[in-house]
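Me: I'd like to learn how to read a model like this one, feature by feature. Could you walk me through it?

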Amino acid sequence: MIISKSTVVGRLVHRLFAVSQTKRHYLTALARSLSLTHTHRHIQAQAPGLIHLFSLLSRHKEGTDKTHCMVKMLGRSLMSVGLRVKCQQLKGIQRVTAGLNPANYGDTLRREAASTSTVMGVNKMKTMDDLGGPSFMTTLYWLFIKGYFQTTQQMQIEHSKIYGPLWKSKYGPLVVVNVASADMIEQVLRQEGKHPIRTDMPHWRNYRELRNQAHGPLTEMGAKWQRIRSILNPRMLKPKHVSSYANTINEVVSDFICKVNWLRETSGQGVMVNDLTAELYKFAFEGICSVLFETRMGCMSEVIPEKTQKFIFSVGEMFHLSQVVILFPQFLWPYLQSWKRFVAAWDHLFKVAEELVNKKIEEIQENVHLDKDVEGAYLTHLLLSEQMNITEILGSITELLLAGVDTTSNTISWSLYHLAREPEIQEQLYQEVISVCPGDKVPNSNDIAQMPYLKAIIRETLRLYPVVPGNARVTVENEIVVGNHLFPKKTLFHLCHYAVSYDENIFPNSHTFLPERWLRGGEDKSKQHPFGSVPFGFGIRACLGRRVAELEMYLLLSRLIKHYEVKPDPAGKPVKPITRTLLCPATPINLQFLDRQVKQAEPRAKLAGSP
Ligand code: HEM
């Protein structure tokens with residue numbers, strides 16, 4: 001499901017102009033930036049690339065009429081993105097008013113700030129205008145001349161060194177307030193209001209309106225979002241429910257171990273697994289499907305079933321086209337080929353989900369008819385509880401699936417990458433796993449509870465490689481105070497989690513992989529700021545899949561390390577992270593998987609479909 005990021009927009013750009021090799025290269029790089037894929041994508045984050053691409057395109061006067069027309073369309077679209085954001089901001093600008101509610105954390109901050117001003121007799125409260133930060137041109141220089149285009153996570157660190165922990169960046173008309181201190185991130189998140197907003201997603205929302213489909217937790221807003229979360233939360237986040245998915249996930253883990261054996265034998269000279277992340281992507285997809293749909297999709301087989309393959313393809317297609325469609329103004333969407341394909345991709349996702357839901361309904365009806373107990377996990381519960389209608393269930397299940405794939409796979413890839421390079425840490429984990437689960441015992445969720453080192457390894461991985469390196473919040477309910485600045489409603493805050501994860505004051509030796517720092521009673525742990533590393537977000541809008549993701553990662557990692565000794569590729573080079581909305585490995589991670597000497601009863605069977 002890894003599809004070239006630049007393909008769609010890149011082709012558009014290349015079709016528009018016969019450009020010089022250098023410019024073509026440059027435009028392709030830009031195009032790549034515009035076709036980033038992930039569910040947690042924010043339209044605002046695209047603005048710099050979009051506006052810059054437009055200015056480049058506009059400079060090409062020698063295009064055909066058709067070309068000019070397309071450039072115009074693209075330009076209007078970019079303007080519309082910019083204007084929409086600007087308009088939101090202007091509407092939000094308000095003066096501080098009286099009548100602060102002391103029951104609220106944000107109000108307390110504002111009140112404190114106001115009283116300081118009175119005592120001093122001078123208005124000490126600063127505003128957004130007082131913030132420093134790079135101009136639009138400076139940001140472009142950083143991205144495209146200094147080369148931080150694919151490493152914007154590192155740019156967080158560099159900019160915070162120059163401008164301090166709070167600065168504003170301008171992207172054309174869009175102003176983003178960057179926050180790179182644990183204290184101030186805490187202040188923003190604690191004032192996010194009762195219906196927090198990350199961003200709007202007009203194209204995703206438009207599809208749902210077009211097809212009369214329901215919004216899920218990612219796209220819904222306000223009170224409706226709150227209702228969805230209150231229905232979805234218990235079975236996704238309550239430990240007793242989540243632990244009931246362990247057997248299902250363990251079956252997928254068993255199949256992944258078989259797959260590792262098969263990969264080593266067929267393409268890795270008996271030891272190597274190449275491009276582990278791509279394999280883990282299939283694992284994560286299979287894992288989340290088995291929890292959500294209570295059905296296996298066949299991603300662990302050698303030959304993936306056509307329907308499953310198409311489902312996987314549609315997820316990728318939808319994410320790609322998502323980035324293209326958003327370039328154009330909404331009224332043009334119905335005429336765009338990209339929009340038609342985008343709709344078709346969503347149609348397929350919903351179609352497959354609908355088939356699975358219908359299958360489950362039939363199963364339940366049959367069991368009721370036969371007077372059998374109706375058992376089942378997530379989907380069955382949603383269907384039986386009748387809190388949502390079928391359309392709403394489809395909307396939510398599909399969005400959960402989209403959010404739940406590359407997040408876990410990237411994290412496990414980084415964990416294994418570090419364990420391979422740091423044999424002492426791997427050995428300590430191995431000893432912990434076999435002491436809790438000796439011999440043939442397969443770890444379950446109770447066993448995991450007794451593996452603090454395993455958890456510390458995932459925690460440390462997420463500190464060094466936060467899958468969402470920069471999150472966002474648009475404050476909608478109140479003006480808020482952050483540091484000694486007052487921000488109007490609808491300010492867009494970019495929370496620089498990556499920069500804070502490397503803050504030496506919070507995490508000494510911040511570049512070193514040190515799982516110990518997360519162990520209870522550890523010296524570091526007591527010093528840590530609660531907002532130093534918040535990889536799953538915070539508050540009521542935090543990650544809905546956190547518990548399932550953690551369970552998946554714990555069960556897989558413990559089993560893999562019990563089964564194999566993991567070593568680096570002798571010919572491999574260090575792998576660095578890049579940001580493509582999500583933080584992911586810049587180059588493939590290839591690792592050796594050597595059988596441990598201890599006899600295990602893990603499956604050694606051949607893969608279904610293998611010769
Ligand atoms: C390593 C694994 C994962 C990480 C690090 C992660 C991280 C995040 C983060 C940072 C957010 C934004 C939270 C905020 O704005 O405060 C988020 C939202 C979300 N995640 Fe995850 N995630 C992971 C896995 C998953 C999985 C497996 C699922 C699905 C089962 C999932 C479903 C969601 C959903 C639905 C949201 C949107 C919640 C809302 O807006 O109400 N995530 N995730």
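Reply: Sure, let's begin with exposure. A residue is buried if 20 or more other C-beta atoms lie within 10 Å of its own, exposed if 12 or fewer, and partly exposed in between. Keep in mind that this is a predicted model.

Me: Then is Asn509 buried or exposed?

Reply: Asn509 counts as exposed, because it has 10 C-beta neighbours inside 10 Å. You'll find Asn509 in the loop between α22 (497–501) and α23 (523–527). Its phi is positive, about 50 degrees, although Asn509 is not a glycine.

Me: Which other residue outside glycine has a positive phi, near 55 degrees?

Reply: That's Asn212, with phi near 55 degrees. Asn212 sits in the loop between α9 (202–210) and α10 (222–237). Asn212 counts as exposed because it has 7 C-beta neighbours inside 10 Å.

Me: And how does Gly164 score on that scale?

Reply: Gly164 has 15 C-beta neighbours inside 10 Å, so it counts as partly exposed. Gly164 belongs to the loop between α7 (152–163) and β1 (166–171). Its C-alpha atom is 10.0 Å from that of Leu131, 33 residues apart along the chain.

Me: Where does the confidence drop below 50?

Reply: Start with the overall picture: the protein chain has an average pLDDT of 79, and 75% of the residues reach at least 70. Over residues 1–104, though, pLDDT is below 50, and that stretch has 153 contacts in the model beyond near neighbours in sequence. Residues 114–122 also stay under 50, with five contacts beyond four places in sequence.

Me: Now the sheets. How do strands hold on to each other?

Reply: Strands of a sheet pair through backbone hydrogen bonds, either parallel or antiparallel. Here, one open sheet has four strands in the order β1-β2-β7-β4, with mixed pairing. β1 and β4 (471–474) are its edge strands, each pairing on one side only. On average, neighbouring strands of this sheet are turned by 30 degrees against each other, ignoring direction. β1 and β2 (residues 174–179) run antiparallel and are joined by six bridges, and Lys168 stands opposite Val177 in β2.

Me: Which strands form the sheet with antiparallel pairing?

Reply: Three strands make up that open sheet, in the order β3-β11-β8. β3 (272–273) and β8 (564–568) each have a single partner strand, so each has one side without a neighbour in the sheet. Two bridges connect β3 with β11 (residues 591–595), and Val273 stands opposite Leu591 in β11. Helix α18 lies across β8 and β11, at about 85 degrees to β8.

Me: What should I look for in the side chains along a strand?

Reply: In a regular strand the side chains alternate between the two faces of the sheet. In β9 (residues 577–580), Pro577 and Thr579 point to one face and are buried, while Ile578 and Arg580 point to the other and are not. β9 runs antiparallel to β10 (residues 582–585), with four bridges between them, and Pro577 has Pro585 as its bridge partner. One residue lies between the strands of this hairpin, where Thr581 takes a positive phi near 70 degrees.

Me: Last one: how many residues surround the ligand?

Reply: There are 28, and the closest are Ala403, Gly404, Gly537, Cys543 and Gly545. The elements giving two or more residues to this shell are α17 (390–403), α18 (406–421) and α24 (546–563). By class, the shell has 16 nonpolar, eight polar and four charged residues.

Notes:
Residues numbered from 1 in each chain as written. Predicted model: local features only at pLDDT ≥ 70, side-chain atom pairs only at ≥ 80, totals over all residues. Near = placed C-beta within 6 Å. Nonpolar A, V, L, I, M, F, W, Y, C, P; charged D, E, K, R; others polar. pLDDT = per-residue confidence, 0-100. Contact = placed C-beta atoms within 7 Å. Pairing = 2+ DSSP bridges. Axes fitted to C-alpha atoms, helices over the stretch in contact; angles between N-to-C directions.
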